[in-house]
Amino acid sequence: MSDAARENVDIVAPAAKRRQFFLNGGHILLGLGGVMLAIVILTALFAPLIAPYDASATSPESLAPPSAAHWLGTDSIGRDVLSRMIVGGRTTLLITFSAVFLALVAGLILGLLSGYLGGLVDEIIMRALDIVFAFPVFLLALTVVAAIGPTIPNLILTIAIVYTPAMARVVRAPVLSVKQWDHVEAARSVGMSETRIVLRHVLPMVASPILVNTSLTLAQTIFTITALSFLGLGPPPPDPNWGGMVSESRQFMELAPMTVVGPAAAIVFATLTFIVLANGLRETLDVGN
Amino acid sequence: MTSATTPPLLEVEDLSVVFPARRGGAPVAAIDGVSFDIAPGQTLGLVGQSGSGKTTTGRAVLRLQAIHRGSVKLLGRDLTRMSRSELRGMRRHMQFVLQNPYSSLHPRMTIAQILAEPLRVHKSAPENRTRERVEELLTLVNMDPATMHRYPNAFSGGQRQRIAIARALAVNPDFVVCDEPVSALDVQTQAQIVALLQSLQEKLGVSYLFIAHDLAIVREVAHKVAVMFRGRIIEMGAAGQVYDAPAHPYTQMLLDAVPVPDPALQRERLRRAQPERHFPDDETARGPCAFGEDHALSGTSRWHRVTAEHGVSCRFWPENSPLPAHDRAMET
């Protein structure tokens with residue numbers, strides 16, 4: 001190689017060296033969401049250590065008002081509301097995370113197959129999902145749980161099925177356009193296998209909307225699972241869960257309002273966590289503008 | 001010059017691509033009956049206006065585009081009859097440099113990863129030599145190997161195109177389709193990339209199908225030139241012949257459209273009214289030709305050889321030439 005040719009080497013553009021990070025609304029939301037998520041997860045993980053009392057232990061003082069001993073009072077059979085609230089998050093979050101994880105995996109597989117392969121495969125997958133999609137989410141979940149029984153695995157499976165179509169659609173839509181991008185064509189012309197193209201060249205490009213949608217689905221799932229519990233189709237007693245606590249206590253709401261307000265606040269906090277997180281992700285990843 | 005002893009590297013015969021009908025419309029024949037050969041170490045320049053089917057031809061040759069009819073033979077093997085996995089294996093012999101270097105590189109992969117990918121796919125370098133080969137490739141395209149851990153956004157258009165060329169050359173291909181490799185770059189960078197492609201051809205003996213609309217650049221790089229119009233090759237020959245003695249009026253028109261580097265002369269040329277040119281819309285590979293003769297019926301060939309290496313789409317071109325006394329026309 002001649003020296004003259006060597007001189008053609010351009011120096012890396014200086015603009016690229018200045019990597020800028022402006023602290024905008026998105027970053028603040030993302031930070032707030034992260035802190036809230038940490039609170040939710042840590043509380044659930046270490047629930048038995050944090051909770052001041054055994055969540056199932058009864059005591060003679062029923063429907064006690066908030067006091068130094070029982071910060072949120074006690075319920076109708078004298079159980080500590082705060083302890084039940086802390087421990088109750090475990091079941092709710094376990095179901096929520098497992099169900100959304102399953103929906104995400106199923107949605108990714110179906111959405112990538114459908115969007116990338118197109119044609120008949122796309123038709124079959126999307127029409128099948130349309131059937132599930134046609135039912136209102138809550139009605140479908142209610143019917144399925146009522147039919148197969150409210151155990152924890154059943155609840156996880158039901159909610160996963162109910163949210164899979166929406167997830168698959170969110171995956172499929174950007175794949176349809178990304179698969180025609182130049183770098184995907186370049187990968188194909190290099191001779192890469194289709195699986196490798198999908199995983200290495202298509203999936204990273206569509207990750208942002210999927211991440212945002214996953215966070216939103218988590219928020220919806222918490223709502224769905226607590227609503228099912230409220231209607232008596234949640235995880236079976238005696239393990240506490242937020243929806244069930246609201247349901248059990250609502251007849252004593254006038255006597256001991258904290259028995260309802262406590263778990264309700266927990267539901268709101270957890271739901272809000274994922275909504276804040278989703279909005280933060282959306283702003284920082286620049287999705288859907 | 002293709003001598004009879006060296007078989008062509010790439011043989012394309014009667015290649016046609018039809019895009020399916022949009023709702024309420026007829027199917028569109030994007031390219032129709034295209035045939036050409038490329039000898040080892042040679043460049044065929046493919047020129048024509050936008051929409052004439054240049055890029056589609058390039059993609060169809062690489063089998064990135066479904067073809068309707070015809071055959072593509074690379075190294076004597078017919079690509080149109082291969083299974084998907086066989087074709088993937090053949091891709092180590094043929095590579096692609098896309099037009100836009102800003103979109104043809106994966107934005108979230110480093111240069112090293114981008115260049116290592118073809119090596120891994122075709123196992124053309126052992127795992128422990130990958131890094132060495134990546135450095136070698138970057139040096140080959142006059143880039144600093146130290147930049148290999150940066151992402152594409154750290155590079156200018158010209159540098160990105162060098163990286164794209166390095167990626168194409170990673171597996172030592174015999175044949176590269178360059179689809180307008182310089183049209184997205186500024187003029188000075190264009191010259192650098194063209195010079196790079198030429199020096200790589202000398203060094204590695206690779207053949208190019210060089211697609212471009214810039215006639216001056218094609219003249220610079222191509223040994224043979226094919227002119228496309230509405231999905232057909234209407235004139236093909238050695239670069240000098242096509243440029244200096246165009247036989248088809250469409251080629252003449254394209255050449256006339258190139259500005260001359262003399263302001264006074266160029267002004268004069270612009271002032272002169274351009275002669276009205278009509279090119280028959282319905283000139284297809286089948287059916288009657290521009291002059292109303294159905295060559296298939298009359299048994300004559302439509303491809304007319306002006307000289308041994310220079311052909312034109314119909315034997316009646318150039319317009320004024322008398323009908324050839326003895327039919328020198330040959331089967332396309």
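Two residues are in contact here when they have heavy atoms within 4.5 Å of each other. Keep that cut-off in mind while touring this predicted model.

Start with B:Val225. Leaving out residues up to four places away in sequence, B:Val225 touches B:Leu44, B:Gly45, B:Val47, B:Val218, B:Glu235, B:Met236, B:Gly237, B:Ala239, B:Val242 and B:Tyr243. Next, add B:Ile165 to the selection. The largest nonpolar core has 55 residues, and B:Ile165 and B:Val225 touch the most other members. Apart from that core lies another, of 35 residues, which include A:Ala186, B:Val12, B:Leu15 and B:Ile38. In soluble globular proteins, nonpolar side chains tend to be buried together.

Now colour the two chains separately and go to the contact between them. Chain B brings 37 residues to the contact and chain A brings 26 residues. Together the chains bury about 2800 Å², with 53% of that area on carbon and sulfur atoms. Select B:His106, B:Glu117 and B:Asn142: these supply 20% of the area that chain B buries against chain A, more than any other three residues.

Stay on B:Glu117 and show A:Arg196 as well. Their side chains form a salt bridge, at 3.7 Å from N to O. Across the interface there are three salt bridges, and eight residue pairs are in polar contact, both residues at pLDDT 80 or more.

Finally, show chain B as a cartoon. On the side that touches chain A, at least two residues each come from α2 (84-90), β6 (94-97), α3 (111-121), α4 (130-140), α5 (157-169) and α6 (187-204). Coloured by class, this side of chain B shows 13 nonpolar, 13 polar and 11 charged residues.

Note on methods
Residues numbered from 1 in each chain as written. Chains lettered and ligands numbered in written order. Predicted model: local features only at pLDDT ≥ 70, side-chain atom pairs only at ≥ 80, totals over all residues. Heavy atoms only, no water. Buried area = accessible area lost by both parts, 1.4 Å probe. Salt bridge = Lys/Arg side-chain N within 4 Å of Asp/Glu carboxyl O. Polar contact = N/O pair within 3.5 Å; in protein donor to acceptor, adjacent residues only side chain to side chain. Helix = DSSP H or I, 4+ residues; strand = E, 2+ residues; numbered from the N terminus. Nonpolar A, V, L, I, M, F, W, Y, C, P; charged D, E, K, R; others polar. Core = buried A, V, L, I, M, F, W, Y, C linked by side-chain atoms within 4.5 Å. Buried < 20%, exposed > 50% of the residue type's maximum accessible area, 1.4 Å probe, protein only.
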